[in-house]
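Open the model in your viewer and keep the sequence panel in sight. The stops below say what to select and what to look for.

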Amino acid sequence: MNDVFAPATLGPITLRNRVIKAATFEGRTPDALVTDDLIEFHREVAAGGVALTTVAYCAVAPGGRTDRHQLWMRPEAVAGLRKLTDAVHAQGAAASAQIGHAGPVANAASNRAPALAPSRMFSPLGMRPMKVPDATEIRQLVAAHADAARLAERSGFDAVEIHFGHNYLVSSFLSPLLNRRTDGYGGSAVNRARLAREIACAVREAVGDRLAVTAKLNMEDGVRGGLTVPESLQAAAWLEADGALDALELTAGSSLLNPMLLFHGAAPRREFAKVLPAPARWGFRLAGRAFLKEYPYREAYLLERARQFRRELSMPLILLGGITNLETMRAAMAEGFDFVAMGRALLREPDLLHRIRSDAATQSACIHCNECMPTIYTRTRCVYRPDRTPEPIAPAE
């Protein structure tokens, strides 16, 4: 297992190594459909040597996007997604679709559809109250995740990753701070975990054993009153017992309240202030320092929290956060993690894994400045990497 570059199984699929391209919102779908630019983004990463590249973010409903330019899963998207998966497969890698609903992080004004939250909340993005779904609407949301998984299968994906993190919809239901419901989806820990479990089981039923099914799960929200590690561990144990998931990718932080807990490193406040749309820009100028906290960067910065999950769970786990060199990857394998996931380092150098395989001493050129974060509003990229316009990709035969 300590061989990072040995083939490995993830549920029903076999991957060529143990390195996954983490879901990183690409900002390359201006019409909410696949573009040649998005295809090239994932083709290049696949050519760089990763085993699995994750397409983010494939919303299960139009109102589940953080803005109307994001991709959402519908029959019209299948042809473009099939071109993307064909391009990835041609490079010897597998493809995963991250499916989910942004919930409180959705921009109702942009989407022209209500943002959803487990309890009454005001949306700082849409500048209007959020909608609280009732039991019937929750059942529809569960079904939407299953439908999205079926579309992912039709599109040629090898896996789906369900988004249970960052205070998106399911994560907000897990959070005692955001979920103040008094019905069967709120209150106790088991009730707050109910939506995650129902979605995981529905997705598994939809795709059977034909696709790998993983989930990105918050270990903690990083805000007072939010989800804590012990509470997340309990939710993870229930998900493991249900048997619907092939692996958990462990993450942390809140896109709504504390995003830097996920990223670590410099907080790009000035860069965000330049690109945020009004009225979010005005609020950011007042609260930017509190919103974008600074956490010093170090390799494998989520490892200490993740170790607790490794001790308690037997299912495969994916370590995320500060994975940039072979030494860190080997250390993760030695501690029992089945896979590692990389994000920003591959924005900087899509071929980093090939270079590491050729020279074990290779170090990432990523400087953890996080100036890539504000580029999600235009076209996600490393600002220190020369940008280029992709050549058109010929339609698949």
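The tour runs from the annotated spans through single residues to an enclosed space.

This is a predicted model, in which local features need pLDDT of at least 70 and side-chain atom pairs count only at pLDDT 80 or more, while totals for chains, interfaces and linings use all residues. Residues are numbered from 1 along each chain as its sequence is written, and side-chain values use heavy atoms, with hydrogens and water left out.

**Stop 1: residues 4–241.** Select this span. The unreviewed UniProt entry annotates it as "domain: NADH:flavin oxidoreductase/NADH oxidase N-terminal". UniProt positions follow the numbering used here, feature names are shortened, and annotations may be inferred rather than shown by experiment. The span is 36% helix and 17% strand, and its end C-alpha atoms are 28 Å apart. Helices (H or I, at least four residues) and strands (E, at least two) are DSSP runs, numbered from the N terminus.

**Stop 2: Ala-23.** Go to the loop between strand E3 (19–21) and helix H1 (36–47); Ala-23 lies there. Ala-23 counts as buried because its relative accessibility is 18%; buried means under 20% relative accessible area, exposed over 50%, and partly exposed in between (1.4 Å probe, protein chains only). Now add Thr-53. It is 30 residues from Ala-23 in sequence, yet the C-alpha atoms are 7.7 Å apart. Leaving aside neighbours within four places in sequence, Ala-23 is in contact with Thr-54, Ala-56, Gln-98, Glu-161 and Lys-216. Contact means heavy atoms within 4.5 Å.

**Stop 3: Ser-96.** Select strand E5 (residues 94–100) and pick out Ser-96. With 2% relative accessibility, Ser-96 is buried. A polar atom of its side chain lies 3.5 Å from the backbone oxygen of Ala-159. Beyond four places in sequence, the contacts of Ser-96 include Leu-52, Thr-53, Phe-157 and Glu-161.

**Stop 4: backbone checks.** Show the main chain at Ala-56 and Tyr-57. A cis peptide bond joins them, with omega about 10°. Tyr-57 sits in strand E4 (residues 52–59). Next, find Arg-112 in the loop between helix H3 (108–111) and strand E6 (122–123). Its phi is positive, near 55°, and Arg-112 is not a glycine. Arg-112 is exposed, at 66% relative accessibility. Then move to Ala-300, between helix H11 (280–291) and helix H12 (303–312). Ala-300 also has a positive phi, about 50°. Buried or exposed is the question for Ala-300. At 11% relative accessibility, it is buried.

**Stop 5: residues 303–359.** UniProt, in an unreviewed entry, places "domain: DUS-like FMN-binding" here. The span is 54% helix and 14% strand, with its end C-alpha atoms 25 Å apart. Inside helix H13 (residues 326–334), select Met-329. Met-329 is buried, at 0% relative accessible area. Setting aside neighbours within four places in sequence, its contacts include Val-4, Val-19, Val-340 and Leu-353.

**Stop 6: the second largest cavity.** A cavity is a set of points on a 1 Å grid over the protein atoms alone where a 1.4 Å probe fits but cannot get out; lining residues have an atom within 4 Å of a point. Select Cys-366, Ile-367, Cys-369, Cys-372 and Cys-382, which lie nearest the centre among 14 lining residues. That lining divides into nine nonpolar, two polar and three charged residues.

Methods: 1 Å grid on protein atoms, 1.4 Å probe; cavity = no way out; pocket = protein on both sides within 12 Å on 5 of 7 lines; lining within 4 Å. Nonpolar A, V, L, I, M, F, W, Y, C, P; charged D, E, K, R; others polar. Polar contact = N/O pair within 3.5 Å; in protein donor to acceptor, adjacent residues only side chain to side chain.
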